[in-house]
Amino acid sequence: MEIIKAIAIVVGAYLLGSIPWGFIIGKLNGVDVRNEGSKNIGATNVTRCVGKKAGKICFALDFLKGAIPVLAAQFLIAPDWQLREYVIIAALLMGVIGHMFPVFLSFKGGKGVSTAAGAIMALAPFPLLIALVVWVVVFFISRYVSLASISAAAILPIVAWVCYLTEANFGKLGGIPLISNSPLILIFLTLVAILAIVRHRSNIQRLLNGTENRFGKKQEK
């Protein structure tokens, strides 16, 4: 029974992650975001091309794409099942991979930051909270969304590992530990963070060249 639930959760994670909300929201507003702005289907480009409200809706939907499969794995798979951790990890990865390589858009998707944030919030809320604080600080100082996202992705596994190695324990939120006590899960959190940074390699090159666009009022509609 658990194996059937596990397969359903993992496959469902990829299919849910593949729903291109940014593309759909853009089309509903008469815009193909793949041809405008940064040409990305994420919330930042939706905000730039369609507007703030549309961008917030896109972020929330992409966030939920990551959170729902991980929550499903945590609450539907028996706690004592020996493969439970692997199912949680697979749900996290497949949700993010679905956003990055969506089957519904010929495997050409976004960078996966919002979806990864949702998955990690459902898995290790405290490290994500610290990463979000870093994102906000870096963004408001630099006005570069890409730099903020890269900084947040870099700090997240560091916080998670420090908390694990120092045996920090902040309790639970809705039955979810605020800090993961599983080195296996922490390894995969690290891999997800690295993947998110790698997906920003073009942004990193533009930042180094001084050609990356700042996110400002004049870019919004």
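# Cores, a surface patch and two loop residues

In the largest nonpolar core of this predicted model, which has 30 residues, the members that touch the most others are Val70, Ala73, Leu92, Ile120, Leu123 and Leu189. A nonpolar core is a set of buried Ala, Val, Leu, Ile, Met, Phe, Trp, Tyr and Cys residues joined through side-chain atoms within 4.5 Å. Buried means under 20% relative accessible area, exposed means over 50%, and partly exposed lies in between (1.4 Å probe, protein chains only).

At least two residues of this core come from each of helix 1, helix 4, helix 5 (84-100), helix 6 (113-121), helix 7 (125-142), helix 8 (145-165) and helix 9. Helix 5 gives the most, with seven residues. Another core, of 12 residues, lies apart from it and includes Val31, Ala43, Ala54 and Cys58. Helices here are DSSP runs (H or I, at least four residues) numbered from the N terminus. In soluble globular proteins, nonpolar side chains tend to be buried together.

The model is predicted: local features need pLDDT of at least 70 and side-chain atom pairs count only at pLDDT 80 or more, while totals for chains, interfaces and linings use all residues. Residues are numbered from 1 along each chain as its sequence is written, and side-chain values use heavy atoms, with hydrogens and water left out.

Helix 4 (residues 52-76) has 25 residues and reaches 36 Å from its first C-alpha to its last. This is close to the expected 36 Å at 1.5 Å a residue, where the expected span is 1.5 Å times one less than the number of residues. Among the buried residues of helix 4 are Ala54, Cys58, Asp62, Lys65, Val70 and Ala73.

On the surface, Ile3, Ile4, Ile7, Val11, Leu15, Phe101, Val103, Phe104 and Phe107 form a nonpolar patch with about 840 Å² of accessible area together. Patch residues have over 30% relative accessible area and no salt bridge (a side-chain nitrogen of Lys or Arg within 4 Å of a carboxyl oxygen of Asp or Glu). Nonpolar side chains (Val, Leu, Ile, Met, Phe, Trp, Tyr) are joined within 5 Å, and like charges within 9 Å. Areas come from the Shrake-Rupley method with a 1.4 Å probe, and for residues only the protein chains shown count as cover. Ile7 belongs to helix 1 (residues 2-17).

Two residues other than glycine have a positive phi.

| Residue | Phi | Loop | Relative accessibility |
|---|---|---|---|
| Ser106 | about 55° | between helix 5 and helix 6 | 55%, exposed |
| Arg143 | near 65° | between helix 7 and helix 8 | 29%, partly exposed |
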